[in-house]
Amino acid sequence: MGRGPSRDQIAEAVAKCLFIKPSQQDKIKLLDIVGLKIDWEVVRKYTQQAVRSPAAAATLSSYYTAQLAVLDEVLEPQLFLGGSTFCFADLALYVALHACFTAFDDTHKWALNNASRWYDLLQNRVKELGPPDDLRCASLVTFDYNAPDPLPSVASLSPILGAAAAAPAPAQAVIGSAAARPPVDEAAKAAAKAKKEAEKKDSAAKKEAKASAAGGAELAAAGERAVDVSWLDIRVGHITHAEAHPESDKLYIETIDVGEEAPRQVLSGLAQYLPIEAVRGARVVVLCNLGAKKLGGVESQGMVLCAKNDSGLCFVAPPAGAQPGARVNFEGYPGEPEPNPKRIQKKKAWETCMTELAVNADGVACYKGVPFALPEGNCTATVKGAPIS
C-alpha cells in the first residue's frame, strides 16, 4: 500500500463526481474548510451538473465506484474529506452523491465501507445545518450495517445496469441528455428500487417518530434503552509507546494502557497535527467499544478522542490523578456501556453521540453540555469551542 491519494488526486476524484472540469483554484476551494458560516452559493456552484436521478446514476455505477474508491482510501482514518470537520467537497458531495448511493446495492456500499460510513454521517449532519431547499436531499439513503465478513472488494463489483467505467463528459451528464438516460426497462427497474428504498426509510422514520412521541415506550417494551453517551465505553488511557505507520504519512500506531490485562493497539490520524514526541507518554481518553478495525492494513482497537477546529488539534485530557482504565461518566446518563460492538455499529451509537460532543468555552469536554466526569475532576482540552471526535 502506498501513501494514499495526493491532494490533487482527491480533488480530481471529487470533481469527477460533480461532473466538472476543475481549475487549480477550484481544486483548492473544494478542499477548503467550510468555517462557521457556510457559503451555500459555493456549494450550489459546484453541484449544478450533478446527476440527481438514481435511475441515471445506476447506469454510471462503475464510473462512480472508480472515483469513490479514491475517496474511500482517504476516508479510512478520518471522518470527512476535511478531516474532522467539513470542507466544501463534503457539502457538495452530500448533494451530488445522493442519487449514486440511492442506486447502489448493499454490496457496493459494503465494498466502499469508508465512503458509505462517511456519506451516512454526512447526510445526518448536513440536514441539521439548514441547507437551502434546492440543496436539501429529499430522503435519507439507507445503509445496512450487518455487513459480511470479509467485506466484498471493489474489484469484485459488477455494474448495476451494465454501465461502462469510462467517464462521460460533463455536458453529457445533464439528466435530460440521451447519454445519461438508461433504457426504459432498466430505468423503471432502478426507479422501483429507489422508491422501495425511500419507502423503507420513510417507514423507519415514522416508526422512530412514533417511539419518540410516546416517550420511548416502544424501546422500553422491547427491553432497549435510547441511544445516548452511556452506550459508549470511554476510559482514561496512557500512551506508553507510539510510532509512525510504515505505509501512511497520516497515521500513528499507539500502544495504550486502558486498565486491561494487556495494552491496546490504537491507530490515530494525528501525524499531520502532532509530532510523535507529543504523542508518546500522553494521557488521553479512549473510546473502547467500537470494535477492532483495520486502518492502513493494521488493526486498531479503539479511538483516541481529540478536539479540533481551525485553530488546531489537541487530545481530550483526563484530570490529574485519574488512572488508566477509569471510566468517564456523564451526569444524568446512567447505564453501562454496550458490550457488543456490532450493536454499537447497528444503532449508530458513536455517530449519534459524536454530534453532541464538544469543548465548551471553559475548556471542559462535554456531551450536550454535560462534562466528561471522573472522581478526580473533569476532562479538558486546550482547543476551546471545538467539536470532539
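Which residues does Leu97 touch, not counting residues up to four places away in sequence? Keep that in mind while you get your bearings; the tour comes to Leu97 soon.

**Getting oriented**

What you have open is a predicted model. Show the whole protein as a cartoon, and you can follow 14 helices and 14 strands. The protein has 389 residues, and 48% of them are buried. Switch on a surface: the accessible area is about 18,100 Å², with carbon and sulfur atoms accounting for 53% of it. If you draw a contact map, consider the contacts between residues at least 6 apart in sequence: 73% of these join residues at least 24 apart.

**Stop 1: Leu97 and the core around it**

Now select Leu97 and display its neighbours. Leaving aside residues up to four places away in sequence, Leu97 touches Cys17, Tyr64, Leu68, Trp118 and Tyr119. Widen the selection to the largest nonpolar core, which has 91 residues. Leu97 is among the residues with the most contacts inside this core, together with Leu81, Leu93, Trp118, Tyr119 and Phe372. The largest share of the core comes from α6, which supplies 8 residues.

There is a second core to color separately. It lies apart from the largest one and has 18 residues, including Ile239, Leu270, Val286 and Val304.

**Stop 2: helix α6**

Select residues 88-96, which make up helix α6. All of its residues, 9 of the 9, are buried, so the rest of the structure largely encloses this helix. Show the side chains and you will meet Phe88, Asp90, Leu91, Leu93, Tyr94 and Val95 among the buried residues, as well as alanines such as Ala89. To see what surrounds them, add α1, α2, α3, α5 (61-74), α7 (98-103) and α9: the buried residues of α6 pack against these helices.

**Stop 3: helix α1**

From those neighbours, pick α1, at residues 7-18. Here is a quick check for your ruler tool: at 1.5 Å a residue, the 12 residues of α1 should span 16 Å, and the end C-alpha atoms are 17 Å apart, which agrees. Next, highlight the buried residues of α1, namely Ile10, Ala11, Ala13, Val14, Ala15, Cys17 and Leu18. They pack against α2, α3, α5 and α6. Step just past the end of α1 to Phe19, where the backbone takes a positive phi of about 60°.

**Stop 4: charged pairs**

Side chains of opposite charge can pair when their charged atoms come close. The structure holds 10 salt bridges, and a few deserve a closer view.

Begin with Lys27 and Asp8, whose closest N and O atoms are 3.0 Å apart. Lys27 sits in helix α2 (residues 24-30) and Asp8 in helix α1, so this pair ties together parts 19 residues apart in sequence. Lys27 counts as buried, at 12% relative accessibility, while Asp8 is partly exposed at 36%.

Stay on α2 and select Asp26 with Lys45, another salt bridge, at 3.5 Å from N to O. Asp26 lies in helix α2 and Lys45 in helix α3 (residues 40-46), so the bridge ties together parts that are 19 residues apart in sequence. Asp26 is buried at 13% relative accessibility, and Lys45 is partly exposed at 47%.

For a link between distant parts of the chain, go to Lys348 and Asp120, with closest N and O atoms 2.7 Å apart. Lys348 is in the loop between α13 (341-346) and α14 (349-354), Asp120 is in helix α9 (residues 113-126), and 228 residues separate the two. Asp120 counts as buried, with 2% relative accessibility.

Finish this stop by selecting Asp233, Arg235, Glu260 and Arg264 together: a network of salt bridges links them.

**Stop 5: the cysteines**

How many disulfides does a search of the whole structure find? The count is 0. A disulfide is a covalent bond between the sulfur atoms of two cysteines. Select Cys306 and Cys314 to see one example: the sulfur of Cys314 is the closest cysteine sulfur to that of Cys306, yet the distance is 7.3 Å, too far for a bond. Cys306 is buried, at 7% relative accessibility. As a last selection, try Cys353, which is also buried, with a relative accessible area of 0%.

How values were computed. Residues numbered from 1 in each chain as written. Predicted model: local features only at pLDDT ≥ 70, side-chain atom pairs only at ≥ 80, totals over all residues. Heavy atoms only, no water. Helix = DSSP H or I, 4+ residues; strand = E, 2+ residues; numbered from the N terminus. Buried < 20%, exposed > 50% of the residue type's maximum accessible area, 1.4 Å probe, protein only. Contact = heavy atoms within 4.5 Å. Areas by Shrake-Rupley, 256 points an atom, 1.4 Å probe, with all protein chains shown as cover. Salt bridge = Lys/Arg side-chain N within 4 Å of Asp/Glu carboxyl O. Disulfide = S-S within 2.5 Å. Expected span 1.5 Å × (residues − 1). Core = buried A, V, L, I, M, F, W, Y, C linked by side-chain atoms within 4.5 Å.
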